[in-house]
Amino acid sequence: MPTASRIPTLPSLSFELLHHTLPNGLRVVLAPDRRSPVVAVAVNYDVGFRSEPQGRTGFAHLFEHLMFQGSANLEKLEHFHYVQSSGGTFNGSTHLDYTNYYDLLPSHALERGLFLEADRMRSPRITAENLANQIDVVKEEIRVNVLNRPYGGFPWLQLPELMYDTFPNSHNGYGGFEDLSSATVDDASSFFDSYYAPANAVLSVAGDFDPDQALEMIERHFGPIERRTKPRRPDFGEPPLSAERRTVLVDELAPMPAIAIGYRVIDPAADFAGYLTSVVLAEILSNGDASRLHRALVQDKGLVTDISAYLGTFGDPLEERDPTRLTITAHYADRAGTEKVIAAVDAELDRLATEGTEPGELRRAGVQLAATISHELDNVLNRCLEFGKFQLIFDDAELILRLPELLATITDDDIRAAARALAPTSRAVVELVPGAAK
Amino acid sequence: MTAVLPVPGLTQPARPKKLSYSERVLESGLRVVVIRRPTVPMVEVRLRIPFFSTKARHRARASLLAGTIRTGTAEHDRAGLAIALGDLGAELGVGADADRLLISSSAIASGLPTLLGLYAELLTSASYPNAEVSGERGRLLERITMSRSQAGVMAGEALAMRMAPGHPYGRTLPDPQEVSATTAAQLRTLHAGMVRPDGALLVIVGDISPARALAAAESALAGWTGPAAAGRTTPPPPIAAGPLQIVDRPGSVQTAFRFGGLALPRQDERYPALQLANLIFGGFISSRWVENIRERRGFSYSPRSALDHAALRSSFLISADVATEVSAPALLETLYELGRMASAPVTEAELETVRQYAIGTLAISTATQAGLASTAVSLLGAGVELDWLTSHPARLAKVTVAEVAEVAREFLAPRRLVGVAVGDAGAITEPLAGIAEVE
């Protein structure tokens, strides 16, 4: 084992960011780095599936698809073609609290990338034909990822319904087929008008470019887009759970049972350091062979095939506002073992709450998280997405660079308290029962 | 609505930088390649050990060995190893396929010597504790069961069996009965026989000095010795044409189509043309097949074709999951687009688009430490030297429409491919039989 003096430390990350806001309200973050001839462009919009209207489940994601279908300037398929014939790649993704669109390009295609993002921010081509086609594509996406797949969408599609009481937080973000089928061009236009205003977005550019030239291009392409009112973001808050909630779900395709245990965690906007404690706690619970839950439930007791603890809907701990959650999921061989699995999780949380961390454990979790962040930021596209997302969600792109030092301030007492907060009375448990095993 | 705005052109591309690397073949026969890439203070390590064997039960043993090599050594137990890695901010993964065992990791760059010391520990004193092997064996069986419940995994297995019957490439998952029969003693024997430095490859990429990294590797791995295993490599049999094989998955709401055929390895002089032909057909979203069945018809979310390079054979693979009720039309469009590739020339504009795409994505794939390390180990492991990365854009630039037509005729023609369809046989057999021969 390395002695204390041989334990390496992670040097701090040095990325210089430049900030700017256009008169139409579009916030701009630039992260130049000229070491590889690659540039990334991303637009993060402050709308996710938490904001979609009742009766329109899945609309935020469907709308993301529509943003690739051409514009006032470009025919259908031309957006793809311009990016790919420049040697670049593109994609977009819809999250609980934001939606992003991005391109990764050779640096000589920067202006084209900026034009294409400005182009669809100005005037996407929303037609009945494109809408009908993309409803079909989204249904295939849901079939391949959910309906035709064992454990499809588990637990991100099923846990919120049990855990939350209001539509924005509890509904299925992929959407029901009936809601998708009844979406109209008018719905899409009004969604665009409300949420895709420049003032509701952050543009980030990372990689190989000259900042002055880039800013000039940004002003040329995004500057003329008309200013619209930034929508007011409603308060999505819900009171914490006061008693345990349980439900059982039958999955006809699954060969083995699974469980998801969700706990509400502290509001990151109200107490960011407190929220980070939950992030470290999840690391201590389930990252690697030395983690608490892995050792106890996988190695020592052999209760589960795998187990993981994570923050946020999709496992990115730093992309959601309140309410958000810590989830523990596990797959196991025998349904009769469900209560034992829950009891073993409780026992480990209780042990951490009463006895605290082992020597070195807290520091190691911080180092592992910091190394993960470093690793992520090596990728130009990830860097671009992270800076943009941090600016949008936390109003502070540089926050990600300060995370290693913030993580280092978390104490053993903090971890004990965070573990204690994951009490049986404040959790929601979805038990997945295999239909295939009948 | 205002006048149509012009799409900006491209500026002068940056000249590709020459990739500089240092290397040394250690006395043990281990080849060490180091590339300095100081973007973030991290390092990536890939160790590739040849692991091909035609022996019965090898696949099961190799899978279980990969799952248990890090569960105990002479110096550490399982948690001790994880703690030592965690102190370096390291993630370490072990994987086995028919060709090789791959131990991959990333860590804080200054921890490289310690990390290589942990590699040495795994290589020279992995102990395969009985209790750990027994636990992992059960979990591997459970994971196989879970994998096989997925339509895509079933289809991949069926296609592999179709493309390489009786050969190690014909099996994508270990056989559960063989896993059940595997013992810790057998893993120790396999490790002693095949986890050898001669013929193995160590790639290190990151914020490190090449001279110091080479020295660290030499010193840390000095105790790992032994001649290469004497195992033979046997190429897979030729792909035998046959009807579309329907695999029943009752009630399936989608049909998973998978087709495969022979392709060319990266060293082949006709490879650049085949790479571009694949892109034009279905290798990216602006391809003919994807525009057809996704963007025009909405049959599938992510249809895609690709070239896959195993050590002994390269393959052309295509995959699409489509709604059960459109299985037959989706097959028809697929055969149509393949047939069109094989029988009519592509346009200059199509060729130019994929040429730029191939050149651009090559630069993108090597722009990160992890991407560069994985690309380097995959190229070197297949016997392709790293200059390939810098010289390949020039090869792509020279490909002509006629060259694409020639390789498309040879490798993309529908009659040259074998296929499987995993879906609700009761609902799809008759419609599919109207389009193609099925079994």
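**Exercise 1. Identify which residues of helix H10 (residues 288-296) of chain B are buried, and explain why they can be said to line one face of the helix.**

Solution. In this predicted model, the buried residues of helix H10 of chain B are Trp289(B), Val290(B), Asn292(B), Ile293(B) and Arg294(B), where a residue counts as buried if 20 or more other C-beta atoms lie within 10 Å of its own. The next step is to look down the axis of H10(B): the buried residues fall within an arc of 165 degrees, and therefore they line one face of the helix.

As a further step, consider what covers these buried residues, which includes helix H4 (128-147) of chain A. From chain B, the cover includes helix H9 (271-283), strand S9 (304-309), strand S10 (314-323) and helix H11 (327-343). Finally, following the chain beyond H10(B), one comes to Gly298(B), whose phi is positive, near 65 degrees.

**Exercise 2. Describe how domain 1 of chain B touches domain 2 of chain B, and find which element gives the most to the side of domain 1.**

Solution. Begin with the bounds, since chain B is divided into domain 1 (22-220) and domain 2 (245-433). The C-alpha centres of these two domains of chain B lie 29 Å apart, and their contact takes 27 residues from domain 1 and 25 residues from domain 2.

Next, list the elements of chain B that give two or more residues to the side of domain 1 that touches domain 2, namely strands S2 (31-36), S3 (42-50), S5 (100-108) and S6 (201-206), together with helix H5 (151-163). H5(B) gives the most to this side, with nine residues. Sorted by class, this side of domain 1 of chain B has 15 nonpolar, five polar and seven charged residues.

**Exercise 3. Carry out the corresponding description for the two domains of chain A.**

Solution. The domain assignment of chain A gives domain 1 (18-222) and domain 2 (245-434), and the centres of these domains, taken over C-alpha atoms, are separated by 28 Å. In the contact, 34 residues of domain 1 of chain A meet 34 residues of domain 2 of chain A. The residues on the side of domain 1 of chain A that touches domain 2 divide into 22 nonpolar, eight polar and four charged.

**Exercise 4. State how many residues each chain brings to the contact between chain A and chain B, and give the classes on the side of chain A.**

Solution. The contact takes 68 residues from chain A and 65 residues from chain B. Among the elements of chain A that each supply at least two residues to its side are helix H3 (110-122) and helix H13 (361-377). By class, the side of chain A that touches chain B has 33 nonpolar, 22 polar and 13 charged residues.

Notes. Residues are numbered from 1 along each chain as its sequence is written. Chains are lettered from A and ligands numbered from 1 in the order in which they are written. This is a predicted model: local features need pLDDT of at least 70, side-chain atom pairs count only at pLDDT 80 or more; totals for chains, interfaces and linings use all residues. A residue is buried if 20 or more other C-beta atoms lie within 10 Å of its own, exposed if 12 or fewer, and partly exposed in between; C-beta atoms are placed from the backbone. Helices (H or I, at least four residues) and strands (E, at least two) are DSSP runs, numbered from the N terminus. The arc is that of the directions from the helix axis to the C-beta atoms. Two residues are in contact if their C-beta atoms, placed from the backbone, lie within 7 Å. Domain bounds come from an automatic or database domain assignment. Ala, Val, Leu, Ile, Met, Phe, Trp, Tyr, Cys and Pro count as nonpolar, Asp, Glu, Lys and Arg as charged, and the others, Gly among them, as polar.
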